[in-house]
Amino acid sequence: MGWKAAEKLIRHWKILRGDNVMIIRGKDKGETGLIKRVIRSQNRVIVEGKNLVKKHIKQGEGHTGGIFSIEAPLHVSNVQVADPVTGKPCKVGHKYLEDGTKVRFARGMNASGAVIPRPEILKERRKPRPTSPGPKDTPIELVLEKAYDEKAGIGMPDL
């Protein structure tokens with residue numbers, strides 16, 4: 001079983017990393033969990049602690065082998081966001097509040113219409129920004145140097 005790209009990719013994702021979702025199909029049907037990872041190239045998500053499969057890993061340098069349980073990806077159509085009020089699966093809609101902020105809300109037959117908050121985990125970066133300048137970064141002195149001044153004639157082209 002190798003890596004397979006999806007035939008038709010989802011363009012506008014309504015499920016985000018850190019969302020509380022309910023699995024609506026498969027062996028873990030009816031269970032809820034947090035989304036650990038979103039694989040957009042395959043239209044799949046990994047739910048924390050759900051859809052566990054056994055993986056046989058060969059022993060190598062620095063690690064032991066054996067049979068391990070790992071979380072397998074689920075297709076995005078098999079999960080739905082859980083309504084924050086009722087806890088039941090619901091569809092996700094977008095609307096603008098009176099102050100102009102765009103929010104997600106629960107919609108559908110048995111949905112409460114409550115605002116679904118943006119997950120806190122999205123505020124953290126996966127790869128933190130470097131704190132010290134690297135070898136290819138421009139020094140701050142050169143960045144702040146004035147390269148063009150019309151009145152003084154600095155940086156004017158010779159025509």
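Lys123 and Glu120 form a salt bridge in this predicted model, and their closest N and O atoms are 3.6 Å apart. Both partners sit out in the open: Lys123 is exposed, and so is Glu120. Side chains of opposite charge can pair when their charged atoms come close.

How many salt bridges are there by this rule? The count comes to four. Here are three pairs to look for in the structure.

| Salt bridge | Closest N and O atoms |
|---|---|
| Lys123 with Glu120 | 3.6 Å |
| Glu31 with Lys50 | 3.3 Å |
| Glu71 with Lys36 | 2.9 Å |

Let's take the pair of Glu31 and Lys50, which form a salt bridge. The two residues belong to distant parts of the chain, 19 residues apart. Glu31 is in the loop between β1 (20-23) and β2 (32-39), while Lys50 is in the loop between β3 (44-47) and β4 (52-57). Is Lys50 buried or exposed? Lys50 counts as buried, because its relative accessibility is 17% and buried means under 20%. Glu31, in contrast, is partly exposed, with a relative accessible area of 33%.

Now turn to Glu71 and Lys36, another salt bridge. Glu71 lies in strand β5 (residues 66-71) and Lys36 in strand β2, so this pair ties together parts that are 35 residues apart in sequence. Glu71 is partly exposed at a relative accessible area of 21%, and Lys36 is partly exposed too, at 42%.

Strand β5 also takes part in a nonpolar patch on the surface. Which residues make this patch? They are Val53, Ile57, Phe68 and Ile70, and the patch covers about 270 Å². Two strands, β4 and β5, each supply at least two of its residues. Phe68 is a good one to find: this residue lies in strand β5 and counts as partly exposed, because its relative accessibility is 35% and the range for that label runs between 20% and 50%.

Finally, have a look at some empty space. Rolling a probe the size of a water molecule over the atoms shows where empty space is left. The second largest pocket holds about 300 Å³ of space. Its lining has 14 residues, and Lys14, Ile15, Val76, Val79 and Val92 lie nearest the centre. Two elements, β7 (79-82) and β8 (89-96), give two or more residues each to this lining. What kinds of residues line the second largest pocket? Eight are nonpolar, three are polar and three are charged.

Definitions and conventions: Residues are numbered from 1 along each chain as its sequence is written. This is a predicted model: local features need pLDDT of at least 70, side-chain atom pairs count only at pLDDT 80 or more; totals for chains, interfaces and linings use all residues. Side-chain values use heavy atoms; hydrogens and water are left out. A salt bridge is a side-chain nitrogen of Lys or Arg within 4 Å of a carboxyl oxygen of Asp or Glu. Helices (H or I, at least four residues) and strands (E, at least two) are DSSP runs, numbered from the N terminus. Buried means under 20% relative accessible area, exposed over 50%, partly exposed in between (1.4 Å probe, protein chains only). Patches are made of residues with over 30% relative accessible area and no salt bridge: like charges are joined within 9 Å, nonpolar side chains (Val, Leu, Ile, Met, Phe, Trp, Tyr) within 5 Å. Accessible areas come from the Shrake-Rupley method with a 1.4 Å probe; for residues, only the protein chains shown count as cover. On a 1 Å grid over the protein atoms alone, a cavity is a set of points where a 1.4 Å probe fits but cannot get out, and a pocket is an open set with protein on both sides within 12 Å along at least five of seven lines; lining residues have an atom within 4 Å of a point. Grid points are joined across faces, edges and corners, and a volume is the space filled by probe spheres set on the points. Ala, Val, Leu, Ile, Met, Phe, Trp, Tyr, Cys and Pro count as nonpolar, Asp, Glu, Lys and Arg as charged, and the others, Gly among them, as polar.
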